[in-house]
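Please open the model in your viewer and keep the sequence panel beside it. The tour begins with the whole chain and then moves to a single residue.

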Amino acid sequence: MNDIAEQSAKALAGVLAFYKSKGCPCAFPRFFQLACFDFRHFGTGPVGCHLTDIMIDLAVTGPTATYKLLPGDEEKYRCAVCGTEGTIHSEQFNIHMWITVFKAEPSRARQLGHAADARLPIPGGLYGFKQEDMDRTSTYFGSGTVQEMVDYLMEMGG
Ligand SMILES: [Zn+2]
């Protein structure tokens with residue numbers, strides 16, 4: 001990983017710790033903005049985001065996650081704190097590119113974080129086959145520093 005990727009991964013671990021200190025990530029609409037990015041909403045070829053991948057691992061599928069896999073299911077997860085459910089689906093586009101999409105149902109947590117009312121500032125991290133595909137997600141992701149991304153994800157209220 002390069003420096004930005006490493007810094008981003010550390011920063012997102014801090015964001016998740018903040019969310020957990022308030023209950024769970026589901027109280028933050030901007031958590032879902034990052035974790036539920038799905039290129040299919042943009043009518044493009046496959047585009048993934050490393051930061052989305054990291055947040056899914058941290059919050060949904062990995063050892064620090066509040067979400068747990070439902071017994072007997074391969075794709076369905078439920079937040080152990082608030083009960084919000086979602087599915088994880090991975091699709092392989094070539095030998096090097098897997099894209100994992102987290103689709104969450106409406107959150108069951110009382111909202112604490114700010115609405116997802118702006119482009120999510122990210123310090124790079126998109127991947128895909130064509131630049132034009134990645135460019136079409138610019139209505140969703142803006143460019144920003146690691147700190148701007150963290151501040152946006154942790155903004156409280158309204
Ligand atoms: Zn939750």
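What follows is a short list of selections, each with a description of what is there. This is a predicted model, in which local features need pLDDT of at least 70 and side-chain atom pairs count only at pLDDT 80 or more, while totals for chains, interfaces and linings use all residues. Residues are numbered from 1 along each chain as its sequence is written.

Select the protein chain and colour it by secondary structure: five helices and eight strands appear, where helices (H or I, at least four residues) and strands (E, at least two) are DSSP runs numbered from the N terminus. Followed along the sequence, the pattern is α-α-β-α-β-β-β-β-β-β-α-β-α. The radius of gyration, taken over C-alpha atoms, is 15 Å, close to the 15 Å of the globule rule for 158 residues, so the chain is as compact as a globular protein of that length; the rule itself is 2.2 Å times the number of residues to the power 0.38.

Next, show the C-alpha trace, which spans about 40 × 35 × 30 Å along its principal axes.

Now select Arg78, which lies in strand β3 (residues 76-79). Arg78 counts as partly exposed because it has 18 C-beta neighbours inside 10 Å; with C-beta atoms placed from the backbone, 20 or more others within 10 Å would make a residue buried, and 12 or fewer exposed.

Add Tyr67, Lys68, Leu70, Gly83 and Glu85, which Arg78 touches when residues up to four places away in sequence are not counted; contact requires C-beta atoms, placed from the backbone, within 7 Å.

Finally, select Gly48, which is 30 residues from Arg78 in sequence and 23 Å from Arg78 in space, C-alpha to C-alpha.

Definitions and conventions
Contact = placed C-beta atoms within 7 Å.
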